[in-house]
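Please work through the following exercises with the sequence and the model open beside you. Each task is followed by a solution that goes step by step.

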Amino acid sequence: MRLTVTKRQKAFLDATATEVLFGGAAGGGKSRGQLIDAFLFALTHPASKQLILRRTFPELEKSLIRESLALYPKSVYTYHATGHTGRFPNGSLIDFGYCATENDVFQYQSAEYDVIRFDELTHFTEFQYLYLMSRVRGANRYPKQIKSSTNPGGVGHGWVKARFIDPAPPDTVFTPERGGSRIFLPAKLEDNRFLLRADPAYRERLLALPERERRALLLGDWNIFDGQYFGEFSYDIHTCDPFPLPAHWRRYRTIDYGLDRLACLWIAVDDDRNVYLYREVCESDLIVSRAAERILSATPKDEHIYATLAPPDLWARSQESGRSKALLFEENGVRFTKTANDRETGWLSVKELLRLRADGTPRLHIFRNCTEMIRCLPLLQTDPLRPTDTKTEPHEITHAPDALRGFAIYYSRPSPPEAAAGSLWSPDLLEDYERAGEEEREYLRRRYGTPAALPGKG
């Protein structure tokens, strides 16, 4: 028997991580890769035991069972329909199972398997996956793995993405805090030359799907879900590998700050006004002095920062001290430029940066080492009461996007014309100046010049 596989299927067969996810676009050869891998494992390891799962038995019967009967030679494989088990002459077996409900996992309570394989993993709940992981065990020395395949979408989309997609770049083995290793192996339609050759119209049928389904099944895009605010975000389009930045590009820092989270982004703008997010620091429980120290330590000494942007709320004075966080940051070496806090305009400005131009490229490019922004931006959801705004919960995912919003609104609005000293003072700013203490006034004079007049004083 001669088995021919694609390069991506070969990567799946060769993967030795404890947990492997082979996922992405429809037609990438994922299910066939599972069956070939299971077949080779059964022949290589006598008396081994494997379990292949789909969410329901009809799905299992119409896909994997049917395909295994066509793929596996009858000389070495026999399928027993009563027990849904395939057997090999060397004593190896493959059980075909399903878990239509949460409680169905308990039918495997006393079972032991060398490998468990989930087909369409996003159809399963996280509880089902974690419980069945405990069934991978045995006294033999055979490899013990959980190998899964799936498309984006489905009830388990969120937890699968968090477990396999977000922590590390594709094709990278990583080790979580507890137990084993994981890897995500992306698969796209273009990887499966056999299907494209046999059914060249398949791609056209996928192109005819609605946008969300098209992005999931044709592109294997994991950054899609119902209620997503930035549905236009694409990992493949909006992220890039880091590269050395020309020294003359203008550079900014932009922050969102609270004791719960500091998010500081470093952004460079090229000669064509393309925007590159090239560095981030996102840490919690930093008082102002420690936050300033962290920002400065992450900025190379020879790197010129044109402006460090911060939202207006950092200029609010503390009731206890009468001093603002902006002033405290300045005392610790980080001087801010105030940006606007108009959420609707800010988010629309971010969308403009994400929008594809006539040449198919966006203005915003995010270095792939900026993992928090890449994780959080596509998770923001639309506020059902204000469709032009995002939800502010879960709050932990809002900080890096809020910092980006501050840059986007500053960057998109026209620069103020050259003006005489003091003419940039708005009535609100003048009122703040009148009520400020001397230290705050000194800061405002340095930033905006000497005010021409105070409210009501001509």
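Helices (H or I, at least four residues) and strands (E, at least two) are DSSP runs, numbered from the N terminus. The model is predicted, so local features need pLDDT of at least 70 and side-chain atom pairs count only at pLDDT 80 or more, while totals for chains, interfaces and linings use all residues. Residues are numbered from 1 along each chain as its sequence is written, and side-chain values use heavy atoms, with hydrogens and water left out.

**Exercise 1.** Find how many helices and strands the protein chain has, and what percentage of its residues count as buried.

Solution. Counting the elements gives 16 helices and 17 strands. Buried means under 20% relative accessible area, exposed over 50%, and partly exposed in between (1.4 Å probe, protein chains only). By this criterion, 49% of the 458 residues of the protein chain are buried.

**Exercise 2.** Work out the strand order of the open sheet with 7 strands, and identify the strands at its edges.

Solution. Two strands pair if DSSP finds at least two bridges between them. Following the pairs through the open sheet gives the order β9-β15-β12-β11-β10-β13-β14, with mixed pairing. The edges are β9 (239–240) and β14 (337–338), and because each has a single partner strand, one side of each is left without a neighbour in the sheet. At the β9 edge, 2 bridges link this strand to β15 (residues 364–367), and the two run parallel; here cysteine 240 stands opposite phenylalanine 367.

**Exercise 3.** Which residues touch the most other members of the largest nonpolar core, and which strand gives this core its largest share?

Solution. A nonpolar core is a set of buried Ala, Val, Leu, Ile, Met, Phe, Trp, Tyr and Cys residues joined through side-chain atoms within 4.5 Å. The largest one holds 59 residues, of which Phe230, Phe329, Phe336 and Phe407 touch the most other members. Strand β11 (residues 261–269) gives the largest share of this core, 8 residues. A second, separate core has 26 residues, among them Ala17, Phe57, Phe96 and Leu185.

**Exercise 4.** Describe how β8 is covered and how it is joined to β1.

Solution. Of the 6 residues of β8, 5 are buried, and this strand is therefore mostly covered by the cut-off for buried, under 20%. Strands β1 and β8 run parallel and are joined by 6 bridges, and phenylalanine 22 stands opposite leucine 185 in β8.

**Exercise 5.** Is glutamine 50 buried or exposed, and which residues does glutamine 50 touch beyond four places in sequence?

Solution. Glutamine 50 is in strand β2 (residues 49–54), and counts as buried because its relative accessibility is 0%. Contact means heavy atoms within 4.5 Å. Once residues up to four places away in sequence are set aside, the residues touched by glutamine 50 include Ala38, Phe41, Leu93, Asp95, Tyr113 and Arg117. The C-alpha atoms of glutamine 50 and phenylalanine 39, which are 11 residues apart along the chain, are separated by 9.9 Å.

**Exercise 6.** Locate arginine 405, and state its burial and its contacts.

Solution. Arginine 405 belongs to helix α14 (residues 399–412). With a relative accessible area of 5%, arginine 405 is buried. Leaving aside neighbours within four places in sequence, arginine 405 is in contact with Asn341, Asp342, Arg343, Gly346, Trp347 and Val350.
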